[in-house]
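Hi,

Here is the structure I said I would pass on. Have a look at it first, and then read my notes underneath.

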Amino acid sequence: MHFDTLALRATHHPDPDTGDVVAPIHLSTTFARNEANELPANYTYARPNNPTREALEKALAMLEGGTVGMAFGSGQAATMTLFQALRPGDHVLLSTDAYYGTPALLEQVFHPWGLTYTRVHMNDLDAVKASIHENTRVVWCETPSNPMLDITDLLSVSRLAHEVGAICVCDNTWATPVLQRPLDLNCDVVMHSTTKYLSGHSDVLGGALIFKRDNEFTQRVRMLQGLSGAVPSPFDCWLVSRGIKTLGVRVRAQSATAQAVADFLDDHPAVEKIHYPGLANHPDRAIIHQQMNGPGAMLSVQVKGGQEKALQFIGKLKLFARATSLGGVESLIEHRASVEGLTSATPKNLLRVSIGLEHAEDLIADLAQALR
């Protein structure tokens with residue numbers, strides 16, 4: 001099926017008793033047994049399983065072409081649960097440019113517990129190969145990366161991971177399954193912050209893991225999901241499922257506008273550099289065409305004049321909300337180094353931009369007046 005049809009069919013569950021076209025929300029935290037002490041369905045308690053969450057998990061697996069989907073209370077909860085499934089002494093290889101919460105988890109939580117990790121530029125395959133050890137269990141990719149939009153060759157990196165028996169995990173939050181399906185590119189696990197594009201309206205917190213195979217490791221993560229209880233509420237699951245219905249049309253419209261915005265900024269004399277996969281001069285253009293169906297709706301811009309000029313610029317914007325997060329219908333902009341804190345390695349003049357559903361001409365006009 002075309003993705004838009006798949007997104008609708010994956011989340012379409014009419015109620016057999018009432019005929020409801022929109023699936024109901026199952027809010028119950030517990031489920032009754034019959035007179036013979038038998039469960040009428042495979043539900044006992046809401047922490048390990050819930051009908052609304054189960055429907056979302058099946059939809060997520062369908063969208064990414066996976067076998068098993070798991071929903072979590074946030075993207076960080078999904079990431080943390082996967083790392084918890086490893087053992088002390090295991091090694092994780094992580095991209096140098098990645099969402100700052102991922103290395104923070106490794107450094108502050110899992111390194112003291114016994115995990116080791118190395119950070120490497122994932123677009124340098126020789127460096128990746130040299131950084132994979134015998135005890136490497138996870139190679140964690142993020143492409144396009146946050147916030148520099150670096151591109152990782154998923155087919156090549158997953159091959160290197162598999163040579164030592166490691167799994168390749170891809171944070172696909174920015175690309176979404178509309179533009180990129182890492183499991184089709186030989187990755188083993190996909191992670192999403194469903195807070196972002198999948199829900200799409202900046203009103204729900206959530207995360208997900210989608211597994212290519214249902215194996216021992218997958219079942220260990222499932223066990224930890226149920227034991228830890230880091231799961232979304234039924235209403236949160238319902239909101240993400242609702243957002244998925246329009247995911248394709250939203251992402252394509254936002255990507256088209258982002259391309260227009262990036263082209264405008266790329267030629268502007270007040271701009272030092274644009275980071276966007278859709279630029280004609282992008283050094284990884286061949287890989288982008290190989291593994292992506294479009295450049296996406298995220299971009300980063302470095303303003304001439306350093307941090308002071310960058311902050312002055314965003315202070316003058318009228319249509320962009322100065323806020324953290326991304327993937328919603330409204331356009332957002334943020335000074336990334338301020339969000340990441342004192343240890344941030346992000347350039348001080350870099351602004352991360354999430355393009356929403358406003359008209360491209362209006363956004364460009366707003367950017368033009370702020371840059372003057």
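Below is what I found, starting with one lysine and moving on to a helix and a sheet.

Keep in mind that this is a predicted model.

The lysine is Lys196. An unreviewed UniProt entry annotates Lys196 as "modified residue: N6-(pyridoxal phosphate)lysine". You'll find Lys196 in the loop that links strand E6 (189-192) with strand E7 (207-211). Its relative accessibility is 17%, so Lys196 counts as buried, the cut-off being under 20%. Leaving aside residues up to four places away in sequence, Lys196 touches Thr173, Ser325, Leu326 and Gly327. There is also a polar contact of 2.9 Å between the side chains of Lys196 and Ser193.

Next, helix H1 (residues 3-10). Phe3, Asp4, Leu6, Ala7 and Ala10 are its buried residues. They lie on the same side of H1, because they span an arc of only 160 degrees around the axis. The cover over them includes helix H2 (51-64), helix H7 (176-179), helix H9 (234-244) and helix H10 (247-266).

H10 turns up again at the sheet. That open sheet is made of five strands with mixed pairing, in the order E8-E9-E12-E11-E10. Strand E8 (271-275) and strand E10 (321-322) are the edges, each pairing on one side only. E8 and strand E9 (residues 298-303) run antiparallel and are joined by four bridges, and Lys273 stands opposite Gln302 in E9. H10 packs on this sheet and touches E8 and E9, with its direction at about 15 degrees to that of E9.

Cheers

Key:
Residues are numbered from 1 along each chain as its sequence is written. This is a predicted model: local features need pLDDT of at least 70, side-chain atom pairs count only at pLDDT 80 or more; totals for chains, interfaces and linings use all residues. Side-chain values use heavy atoms; hydrogens and water are left out. UniProt positions are given in the numbering used here, feature names are shortened, and annotations may be inferred rather than shown by experiment. Helices (H or I, at least four residues) and strands (E, at least two) are DSSP runs, numbered from the N terminus. Buried means under 20% relative accessible area, exposed over 50%, partly exposed in between (1.4 Å probe, protein chains only). Contact means heavy atoms within 4.5 Å. A polar contact is a pair of N or O atoms within 3.5 Å; within protein, one must be able to donate a hydrogen and the other to accept it, and residues adjacent in sequence count only if both atoms are side-chain atoms. The arc is that of the directions from the helix axis to the C-beta atoms. Two strands pair if DSSP finds at least two bridges between them. Axes are lines fitted to C-alpha atoms, for helices over the stretch in contact, and angles run from 0 to 180 degrees between N-to-C directions.
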